[in-house]
Each structure stands twice: as C-alpha cells, then as structure tokens.
Amino acid sequence: DPNSYGGLLWCLGLFDRPFTPPKLIVGTVRPRSIQAHAERLDLVQYAAHVSRPVHPDDPEVAIVGGGISGLAAARALSDHNIRVTVFDRGRTPGGRASTRVTGRQSFDHGAQYFTARDERFQRYVSSWVKDGIAARWQARVGVAKHGAIEGKESAVARLVGVPGMNAIARHLAADIHVESGVKVTRPRRVGSRWQLVDDRQTELGEFDIVIVATPPQQAAALIADRSTLAEVLTRVRMRPCWAVMVGFEQPLLIDYDALFVHDSPVGWAARNSSKPQRPDGESWVLHATPEWSDHRRDSTAEEVSKPLLKAFLEATGVDAGSVASIDAHRWLYSQAAEPLDVGCLWDAGNSIGICGDWCSGSRIEGAFLSGMAMAGRVLSHRLSRHGL
Ligand SMILES: Cc1cc2nc3c(=O)[nH]c(=O)nc-3n(C[C@H](O)[C@H](O)[C@H](O)COP(=O)(O)OP(=O)(O)OC[C@H]3O[C@@H](n4cnc5c(N)ncnc54)[C@H](O)[C@@H]3O)c2cc1C
C-alpha cells in the first residue's frame, strides 16, 4: 500500500534497515489480498496525484538536438518532473555518437570511444557499465607510419556503448518524448512563449524555454537575431571529418585495434569489430585528418572512399584482400578546433539555452556535462521564478 508510511519506506528501500540497538518487536502480520489493497485505493486518482507537476506553472521545454548533450539535459529535466520534448533531424537520436549498420556489419562512424575523467560523469558511466549499456574496449593501440606499425603504451580506459555507440543515446532517451526526423527552423515569439516550426512549416508546439543542443553553426541558424548569444557562436570553428566504413572478407594482418596514423590523409583507424559485442567479421572505420577533409568538403562518398582506403593500406603496409563493403560519411562539424570552457550558455531574458560538446571539451564527456549544466541553469531559473 504505497499510501501508508510503511509502504513508502518499502518503496524507498528503507523498510527493513537495521535499527541499532536491535530490539525484538512482537506484532501481528495482517494478511490483506491485493484485491483488498486495490479496493482501498483509487488508483487512477492516485496516479494523477503523484504525477502532477510539483509546481503547476513549471516551464515546458523544447530541446532541439538529440545528441548526447541534448539528451543529457532532457534526462535531468525530466527526472525533475519538467515536461520536455526533444526534436532531432536524424532518423534516430544520437547525433555524432551513432552507429551505422551495413549488411552484417556495424560501424561507429562518429565518436570512437569515450573516456570518463570527471567524477560526475564517472558515476553515470559506472551505472551504464553495470546495466550493460557500455563496456571497456581493450584496444591494442599502435602508431602507423609509412608502411610500418609500432605499439603504443596507453593507460587510457576506453569505453564504448554496447552493442553500438548509439546505445548511450538510446539509454538516455528512454521515457523521453523524442520526435525524430524533424528539422526545426527559427523559433517564433508568441506572447511570452516560443513557437517551433519544422522545415515543412508544420507547427511543433509552443514552449516556455528553448534549448539548442547542436553544433554552433546549426545553433546560429536557429537563434540568429533571437538571442544575444548568437555572437558567441561565431567564435567556435568546427572541423570537418570524412569517415570511411570498410568491411573486409578476411581479417587484416594487423596486430592492433586502434591506430594513430601519421603522415597520411588518414589520421585514425579502428577495428570496429574488436569492440565488445560487435557482429563477427572484420570491420574498420577510417577517419581522415581535418585538413584533408576540409579540402574535400564538397566531394562525394565515392570520391573519398577509395583514396582513404588506399592511404590506410599504404600507412600500415598491409594487403586489403577483398573488400566486402565500403561507404563514407562526411561530418561537417566533427569536433571544435578550440572548444569553449563555459559549460553552457543561457539567455535568461529570452529563455534560450545553448549546450553542446563545444561548450565543454568537444568530446562525449563534455557533451554530457554540458547538457547537465544546461539542465542546472533551467532548474535554477525555475527556482528563482518561484522566489526560492
Ligand atoms: C568523426 C568523429 C570522431 C569523434 N571521436 C570521438 C571520440 O573518440 N571520443 C569522444 O569522446 N568524442 C568523439 N567525438 C565527438 C563526439 O561525438 C561529440 O562530442 C558528441 O557526440 C557531441 O554531442 P552533442 O550532443 O554536443 O552534439 P551532436 O551529437 O552533434 O548532436 C546534435 C544533434 O542536433 C541535431 N540537429 C541539428 N540541427 C537540428 C535542427 N535544426 N533540428 C533538429 N535537430 C537538429 C542533429 O541531428 C544531432 O543529432 C567524435 C566526433 C566525430 C564526428
């Protein structure tokens, strides 16, 4: 009976905590059927009561961008009982921490792995590992240059989502109202609220607060002339990155799973199939250097795939054997050249917030912490509205 004090303690796991000094208590256990419990409680009314907003005038929040930062903000706000809707233009949320499935192979073509240096992030990561959302990637790391590979000592604990990098976004998005495949355009003022509209002019609803959780160039397109924060966005340059996803018929004769590649158009190569819980087979992700990618911003996937594969084989000195599949993806905004160190940005006058990895380190960890910082700003704004 969750209405009883004992029931509440039970729900919170406190019912049978040890009392000191221990004391024998003699009592009567009164049996009551579930049916009898149900009759004592109006479940519909009870559900409405416990799920009512804590403050009836709590803000309704729209988050544009369902990458790690937007989802971390959504998760924290939703856990504080604030109504949140996430809009993402992608087919599924995840943004740059996503996984592409091609035939029998899967490829983490954006973020390769993540590290957890900040204690707050470490706490979440530990729970993800415990729940089977993330796992350690015991990669053998090397450096490839001019056809030779050398091992590289690496004390970094590398973690990945399982069975793909996109597991992290999926986990954060659980129970959150996410609308995928929706490209949001510039918000319109309607009284004191913001009305969101997509690129097909479909109205998406009115919100009290808009959080933009995208790379700065995409954020600028949304909030230019809507907020004083627009100027800050022009200061952050994001580097492009071409990613090639290759499936091989046979394992490559390389004793390493992750390679830093020098003096080559390829800067990084990873044996995706060596990550935990990936499909069998031999799959690799090759990332071109920012400079090489920058010169080929307007190229097609076909134009970059083969030259990058060739460069990888030259740098490692291995024979490709037969290639089962090859494709490429261009990340226009892969990582910030010089990320800010601001956590997030908040324009209280216009009720617009901005977060993203580029506000805090340009990695998954930074994206997560930026989203958390954003949620913190919204929550403290709520408290100040209530005069607390
Ligand atoms: C090639 C590459 C390699 C990387 N390697 C690593 C790594 O090894 N380790 C690491 O920690 N990090 C790595 N990163 C960085 C990491 O992926 C990012 O830091 C993190 O995923 C960013 O999350 P975010 O939420 O800030 O942004 P994003 O993931 O970019 O999310 C923004 C979201 O906004 C959506 N969006 C944009 N505009 C609109 C709109 N108008 N309407 C609706 N939705 C919109 C996009 O679809 C996207 O889903 C890498 C990134 C890339 C690209």
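**Burial, chain separation and the ligand site in a predicted model**

A221 is partly exposed, with a relative accessible area of 48%. This residue has its place in helix α7, which covers residues 216–223. In sequence, A221 and T20 are 201 residues apart, and their C-alpha atoms lie 62 Å from each other in space. The structure described here is a predicted model.

The protein chain as a whole was examined next. Its secondary structure amounts to eleven helices and 20 strands. The C-alpha trace spans about 80 × 60 × 35 Å along its principal axes. Of the 388 residues in the protein chain, 46% are buried. Among the contacts with a separation of 6 or more, 69% are made by residues 24 or more positions apart. The protein chain exposes about 20,300 Å², and 52% of this area is supplied by carbon and sulfur atoms. Charged groups were considered as well: the chain carries 45 positive and 43 negative charges, and the mean positions of these two sets are 3 Å apart.

Two further residues illustrate burial in a helix and in a loop. L309 lies in helix α10, formed by residues 301–316. With a relative accessible area of 9%, L309 is classed as buried because this value is under 20%. Leaving aside residues up to four places away in sequence, L309 touches V246, F248, L286, V323 and I326. Sequence separation and spatial distance can also be stated for L309 and V342: the two are 33 residues apart along the chain, and 38 Å separates their C-alpha atoms.

S273, in turn, is found in the loop that runs between β16 (266–271) and β17 (282–288). The relative accessible area of S273 is 17%, under the 20% limit, and the residue therefore counts as buried. The side chain of S273 reaches the backbone nitrogen of S283 at a distance of 3.1 Å. S283 is also one of the residues that S273 touches when those up to four places away in sequence are not counted; the others are R278, P279, G281 and E282.

The surroundings of the ligand were then analysed. In total, 36 residues surround the ligand, and the closest are S69, D88, R96, Y113 and D357. Two of these residues place a polar side-chain atom beside an oxygen atom of the ligand: the distance is 2.8 Å for S69 and 2.7 Å for D357. I364 approaches an oxygen atom of the ligand through a backbone N or O atom, at 2.9 Å. Taken alone, the ligand exposes 1,000 Å², of which the protein buries 93%.

Several elements of secondary structure contribute to the shell around the ligand. Those giving two or more residues are the helices α4 (68–79) and α11 (364–385), together with the strands β2 (83–88) and β18 (323–336). The largest share of the shell, three residues, comes from β18.

Taken together, the individual residues show contrasting surroundings. A221 in helix α7 is partly exposed, whereas L309 in helix α10 is buried. S273, also buried, belongs to the loop between β16 and β17. At the ligand, polar side-chain atoms of S69 and D357 and a backbone atom of I364 lie beside oxygen atoms.

Key
Residues are numbered from 1 along each chain as its sequence is written. This is a predicted model: local features need pLDDT of at least 70, side-chain atom pairs count only at pLDDT 80 or more; totals for chains, interfaces and linings use all residues. Side-chain values use heavy atoms; hydrogens and water are left out. Helices (H or I, at least four residues) and strands (E, at least two) are DSSP runs, numbered from the N terminus. Buried means under 20% relative accessible area, exposed over 50%, partly exposed in between (1.4 Å probe, protein chains only). Contact means heavy atoms within 4.5 Å. Accessible areas come from the Shrake-Rupley method with a 1.4 Å probe; for residues, only the protein chains shown count as cover. Lys and Arg count as positive and Asp and Glu as negative; His and the chain ends are not counted. The place of a charge is taken as NZ of Lys, CZ of Arg, CG of Asp or CD of Glu. A residue is near a molecule or strand if one of its heavy atoms lies within 4 Å of it. A polar contact is a pair of N or O atoms within 3.5 Å; within protein, one must be able to donate a hydrogen and the other to accept it, and residues adjacent in sequence count only if both atoms are side-chain atoms.
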